[in-house]
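Please open the structure in a viewer and keep the selection panel at hand. The stops below are arranged so that each selection leads on to the next.

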4 protein chains.
Amino acid sequence: MTDVGGISSGQLRSFIDRIERLEEEKSAIAEQIRDVYGEAKGYGYDVKVIRKVIGLRKMEPHDRHEQEELLDVYMHALGMAPASDSEEEKAVA
Amino acid sequence: MTDVGGISSGQLRSFIDRIERLEEEKSAIAEQIRDVYGEAKGYGYDVKVIRKVIGLRKMEPHDRHEQEELLDVYMHALGMAPASDSEEEKAVA
Amino acid sequence: MTDVGGISSGQLRSFIDRIERLEEEKSAIAEQIRDVYGEAKGYGYDVKVIRKVIGLRKMEPHDRHEQEELLDVYMHALGMAPASDSEEEKAVA
Amino acid sequence: MTDVGGISSGQLRSFIDRIERLEEEKSAIAEQIRDVYGEAKGYGYDVKVIRKVIGLRKMEPHDRHEQEELLDVYMHALGMAPASDSEEEKAVA
DNA sequence: ACACAAAGTTCGCGTC
DNA sequence: GACGCGAACTTTGTGT
């Protein structure tokens, strides 16, 4: 019932409700994630580094490698040492 | 036990596992949201408009609050204390 | 000339220099803004309120536009074409 | 003149004008930066990598090294290969 | 491939 | 002086 201009307003409302419900769940999960990071921080862990680790685990090895290579190319082109300028000062083009 | 580099690798792994688990759940929810949008689209609804409606529903309470604050802001700008003059007795010409 | 790894190192360096130069200018402006706020604070003004006023002045035109869109949105939701019924004749129940 | 409740509205307006003027300048600079990135992109450069290079140049070498070391520690603790698993499979602790 | 929108990250601020 | 909060900016993903 209550169709307006060819659209079932009830159906539309249903879709909107479902989406809003799911958005709430998503927010709740996000909050839990923040809590875990906070807990880890409380134990002395470096949150930023943990994020980095997780990001690396999520990334495809191929893509990661590609980005790093391109970065090296640019760094070389600028005459800058590679990202990790700790123990690789052996080869310069 | 099994400490590496001064940290408990088991504890670190636990944190990371928990986060990754939650991230998966979050992604699953996000996917469900996308599915609902897709379903609505299948019924002929305009997804963009639905997003807009949801966005507006989320913002309306906020905007109303903004309006209330606006009143206070201008009260302040005029040097008149708001209804609750708690901690702003610092303005001087 | 001076190509390294297939790219013109001179051109790349030029882009980076330009960006870094602009970033410095941007930071300088940001610092000036902070200084003005500090000066206002020194005269007894409530910085938070000034920020709020500026934010509101920036948002007001936007909000008016939002209101207009809102009308269209609800028109859509009701299945009524907006003033300009250009490309939305796809909604079906 | 036109003081209201102990505040010079003229002075307040002056502060606001100055800030808004500076904000405009800042936005203009930001736009120019975007333009340069766009131009570089048009020449085939990878914008994301350029951003990374600039970020690295901005970062203190000491801090960068520290972050990388900690990352390695965590990676080791998890039994994962170091970030750049390309040509350093020579030293393992 | 672009543009918009959402998320994450960082910086400045007030607080304890 | 450190911590947490809040806003601003940057970045990533998604939809067109």
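**First stop: DNA strand F**

In this predicted model, the surface near DNA strand F consists of six charged residues, with no nonpolar and no polar ones. Select DNA strand F and display the side chains that surround it: B:Arg34, B:Arg51, C:Lys26, D:Lys26, D:Lys48 and D:Arg51. Which part of the strand faces these residues? Of the atoms of DNA strand F within 4 Å of the protein, 100% belong to sugar or phosphate.

Two distances may be displayed here. A polar side-chain atom of C:Lys26 is placed 2.6 Å from a phosphate oxygen of DNA strand F. For D:Arg51, a polar side-chain atom likewise lies 2.6 Å from a phosphate oxygen of that strand.

**Second stop: DNA strand E**

Next, select DNA strand E, around which are found A:Lys26, A:Lys48, A:Arg51, B:Lys26, C:Arg34, C:Lys41 and D:Lys41. By class, this surface comprises seven charged residues and no nonpolar or polar ones. Sugar or phosphate accounts for 100% of the atoms of DNA strand E within 4 Å of the protein.

Begin with A:Arg51, where an N or O atom of the side chain is 2.5 Å from a phosphate oxygen of DNA strand E. Then move to D:Lys41, which has a polar side-chain atom 2.9 Å from a phosphate oxygen of the strand. For C:Lys41, the corresponding distance to a phosphate oxygen of DNA strand E is 3.4 Å. Colouring by element is useful at this point: helix 2 (47-58) of chain A and helix 1 (9-42) of chain C are the elements that give two or more residues to the surface near DNA strand E.

**Third stop: chains A and B**

Hide the DNA and select chains A and B. Here 28 residues of chain B contact 29 residues of chain A. The area buried between the two chains is about 2900 Å², and carbon and sulfur atoms give 72% of it. On the chain B side, highlight B:Phe15, B:Ile19 and B:Tyr45, which lose the most area to chain A and together make up 22% of what that side buries.

**Last stop: the second largest pocket**

Finally, display the second largest pocket, which holds about 490 Å³ of space. To centre the view, select B:Met59, B:Asp63, C:Asp63, C:Glu66 and C:Gln67, the closest to its centre of the 17 lining residues. Which elements give two or more residues to this lining? They are helix 2 (47-77) of chain B and helix 2 (47-77) of chain C. Helix 2 of chain B provides the largest share, nine residues. The lining as a whole divides into six nonpolar, four polar and seven charged residues.

How values were computed
Residues numbered from 1 in each chain as written. Chains lettered and ligands numbered in written order. Predicted model: local features only at pLDDT ≥ 70, side-chain atom pairs only at ≥ 80, totals over all residues. Heavy atoms only, no water. 1 Å grid on protein atoms, 1.4 Å probe; cavity = no way out; pocket = protein on both sides within 12 Å on 5 of 7 lines; lining within 4 Å. Points joined across faces, edges and corners; volume = space filled by probe spheres on them. Helix = DSSP H or I, 4+ residues; strand = E, 2+ residues; numbered from the N terminus. Nonpolar A, V, L, I, M, F, W, Y, C, P; charged D, E, K, R; others polar. Near = heavy atom within 4 Å. Polar contact = N/O pair within 3.5 Å; in protein donor to acceptor, adjacent residues only side chain to side chain. Contact = heavy atoms within 4.5 Å. Buried area = accessible area lost by both parts, 1.4 Å probe.
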